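Trainee: Before we discuss the model, could you put the sequence and the structure side by side for me?

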Amino acid sequence: MHIVIVNRWPRFFDGTRWDNELTRYEEFIDHDANQVSYVVDGPGAEGVLADPAKIACQVRVEDVNDVAALGAAVLEITERVGPVDELIALSEFTLEIAAKVREDLGIPGPTRTEVAVYRDKVRMKQVLDESGIRVPRFDSCVSAEQVRAFAASCGYPLILKPVAAAASIGVRRVDNAAELDAALATLDLGDYEIEEFIAGQIYHVDGFVDDDSRITFQATSRYINDCLSFTHGAPLGSVLMSPSPRRTLIEEFSQQIVTALGLRRLPFHLEVFITPAGDPVFLEIGGRVGGAEVPHLIYRVFGVNLYEMFLRVLSGGPVPPVPDLIDSSGGWLIMPKSAEQAERVLRVASMRDQVPIVWRELLPEPGQVLAPGGAYDALHRGRFILLHEDEHVVEAGIRKIIENFDFEAESL
C-alpha cells in the first residue's frame with residue numbers, strides 16, 4: 001500500500017509533556033511493507049520520527065488544514081511516488097479536509113458524506129432523530145428570522161454551536177432574546193446550528209467500533225465541570241466510572257448511537273447527557289480519539305492505545321483485540337490559562353504532596369509566558385492525570401487540586 005499520513009502534531013522529548021506520545025506512526029504502520037509518505041506543517045514535522053530512509057516522500061506545507069495546500073501536496077506525492085491507497089488524518093480538524101482531497105483525487109476512504117455523521121453536528125442529530133434516539137431539539141441557522149422562530153418555540157436558554165468545530169470552540173449559551181440578538185449580530189450563521197439546552201450531568205464515552213458497528217472497547221467517564229465552562233475559565237476534568245447501572249445505561253446507549261450512525265473501523269469520542277430524570281440524551285460524537293488526557297489515561301488504566309488500533313486498521317490490518325480488562329478508575333484535570341491575555345508565570349506549586357494519586361503533572365516554569373487560549377493539549381496553568389481504583393477517591397483528588405491549586409501570574 002501507498003499510505004499518506006497528514007500530521008499536524010509535534011512530539012515532545014523533554015520528559016514532561018506527554019502530548020501525542022501515543023501516535024507512533026513509525027511503530028504502528030509498517031514502513032518496510034508499505035510505501036509511507038507524509039504531509040506536515042511546522043509542528044507536524046516534529047512528530048514524524050520514522051527513519052528518513054523509510055519515508056517514500058515528505059511534503060511540508062504552511063497549514064495542513066488548508067484544503068488547497070493539502071490537495072497540492074498529496075498530488076505532488078502521487079506524481080513522485082504513485083497512486084495513494086490510504087490518506088490518514090487523525091486530527092478532528094482535518095477529517096473533512098482530508099475527505100475533500102480524497103474525493104478530488106480519487107483516493108479510497110471516507111467521503112465528506114460519510115464523515116458528516118461524526119463531524120457535522122446537524123447531520124449527526126438528524127440521523128439519530130430519525131432512528132428514534134433522543135437528541136436535543138435543533139435546527140440549522142439558515143437565517144436570523146429562523147433562529148428567532150426556533151427560540152420562540154423552544155424557549156431559553158439555548159445553545160449556538162459551530163456545525164463542525166471541536167473542544168467547544170465558538171459555542172455560546174444565550175439566556176434571553178437580547179443575548180440572542182447580540183450573538184446574531186456577530187456570527188456567521190452559515191457555520192452554526194442552534195439547539196435546546198439540556199440540563200443534566202455530562203458523560204463521555206471513548207471507544208472503538210469494528211466492521212459491524214460493534215463496540216469492541218469503551219470507557220465511560222463523568223465530567224467534572226463541562227467543556228463550555230472551560231472556554232470561560234473553569235477547570236475541566238473527568239473520572240472513569242466504575243461498574244454501575246448508570247454506566248451500563250450509557251454503554252447501551254452508546255452502542256445504539258454508533259449502530260444508528262453506521263460507524264465502522266474507527267475510534268469514537270461520544271458525549272451524552274443524563275437528565276435529572278435519569279434519561280440519556282445525545283450531545284455529540286466524533287469519529288476520532290478523544291482529546292485532553294483521555295487517551296493517555298485509557299492506555300495507562302486499560303492498556304488500550306486507541307491510536308494504535310486505528311492506525312493498524314487503516315494500514316490494512318484487522319481490528320486489534322483488546323486485553324482482558326480489569327475495572328479500575330482514574331481521572332484527569334486541566335487548570336486553564338487565561339483565554340483573553342498572555343500571562344507570565346510568577347509561581348506555581350506541585351500538587352503531588354497534597355494529592356499522592358497524581359500520576360502525571362505538567363506545570364509551567366516560573367518566568368514562562370502562557371499565550372492566551374489554546375486547546376486542551378496546550379501548556380495550561382496545570383494539567384494532571386490521577387490513578388486510583390476507586391472513582392470517588394479520584395474525584396476527591398481532582399476537587400482537592402481545584403480547591404488548593406497555588407498559581408500566580410502577571411498579565412502582559
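Mentor: A cavity is a set of grid points over the protein atoms where a 1.4 Å probe fits but cannot get out, and its volume is the space filled by probe spheres set on those points. Please keep in mind throughout that this is a predicted model.

Trainee: With that definition in hand, how much space lies in the second largest cavity?
Mentor: The structure holds two cavities of 30 Å³ or more. For the second largest cavity, the space amounts to about 40 Å³.

Trainee: Which element gives the most to the lining of that second largest cavity?
Mentor: The lining is made up of His204, Asp206, Ser221, Ser238, Leu240, Val294, Leu297, Ile298 and Trp332. Strand S9 (201-209), S11 and helix H11 (294-302) each supply at least two residues of it. With three residues, the element that gives the most is H11.

Trainee: Turning to the second largest pocket, from which element does the largest share of its lining come?
Mentor: About 500 Å³ of space lies in this pocket, and its lining counts 24 residues, of which Pro110, Glu114, Tyr118, Arg264 and Leu266 lie nearest the centre. At least two lining residues each are supplied by strand S4 (86-89), helix H4 (95-105), helix H5 (112-116) and helix H12 (306-314). The largest share, four residues, comes from S4.

Trainee: Over how wide an arc around the axis of H13 do its buried residues spread?
Mentor: Helix H13 (residues 391-404) has 14 residues and reaches 20 Å from its first C-alpha to its last, close to the 20 Å expected at 1.5 Å a residue. Its buried residues are Glu391, Val394, Glu395, Gly397, Ile398 and Ile401. They lie on the same side of H13, because the arc they cover around the axis is only 160°.

Trainee: Which strands do those buried residues of H13 pack against?
Mentor: The other side of H13 carries the exposed residues His392 and Glu403. The partners of the buried residues are strand S10 (215-224), strand S11 (236-240), strand S14 (329-335), strand S16 (358-362) and strand S18 (382-388).

Trainee: Which residue caps the N-terminal end of H13?
Mentor: The cap rests on a side-chain oxygen that lies 2.8 Å from the backbone nitrogen of histidine 392. The residue that provides this oxygen is aspartate 390.

Trainee: Is asparagine 20 buried or exposed?
Mentor: Asparagine 20 lies in the loop between strand S1 (2-7) and helix H1 (25-28), and has a positive phi of about 65° although it is not a glycine. Most residues other than glycine have a negative phi. At 9% relative accessibility, which is under the 20% cut-off, asparagine 20 counts as buried.

Trainee: How does asparagine 225 count in terms of relative accessibility?
Mentor: Asparagine 225, in the loop between S10 and helix H9 (227-231), likewise has a positive phi, near 65°. Its relative accessibility is 38%, a value in between the cut-offs of 20% and 50%, so asparagine 225 counts as partly exposed.

Trainee: Which side chain does glutamate 284 join in a polar contact?
Mentor: Glutamate 284 is found in strand S13 (residues 280-286) and, at 19% relative accessibility, counts as buried. Not counting residues up to four places away in sequence, it touches Lys121, Met124, Lys161, His269, Leu270 and Glu271. The polar contact, of 3.2 Å, is with the side chain of lysine 161.

Notes: Residues are numbered from 1 along each chain as its sequence is written. This is a predicted model: local features need pLDDT of at least 70, side-chain atom pairs count only at pLDDT 80 or more; totals for chains, interfaces and linings use all residues. Side-chain values use heavy atoms; hydrogens and water are left out. The expected span of a helix is 1.5 Å times one less than its number of residues. Buried means under 20% relative accessible area, exposed over 50%, partly exposed in between (1.4 Å probe, protein chains only). The arc is that of the directions from the helix axis to the C-beta atoms. Contact means heavy atoms within 4.5 Å. A polar contact is a pair of N or O atoms within 3.5 Å; within protein, one must be able to donate a hydrogen and the other to accept it, and residues adjacent in sequence count only if both atoms are side-chain atoms. On a 1 Å grid over the protein atoms alone, a cavity is a set of points where a 1.4 Å probe fits but cannot get out, and a pocket is an open set with protein on both sides within 12 Å along at least five of seven lines; lining residues have an atom within 4 Å of a point.
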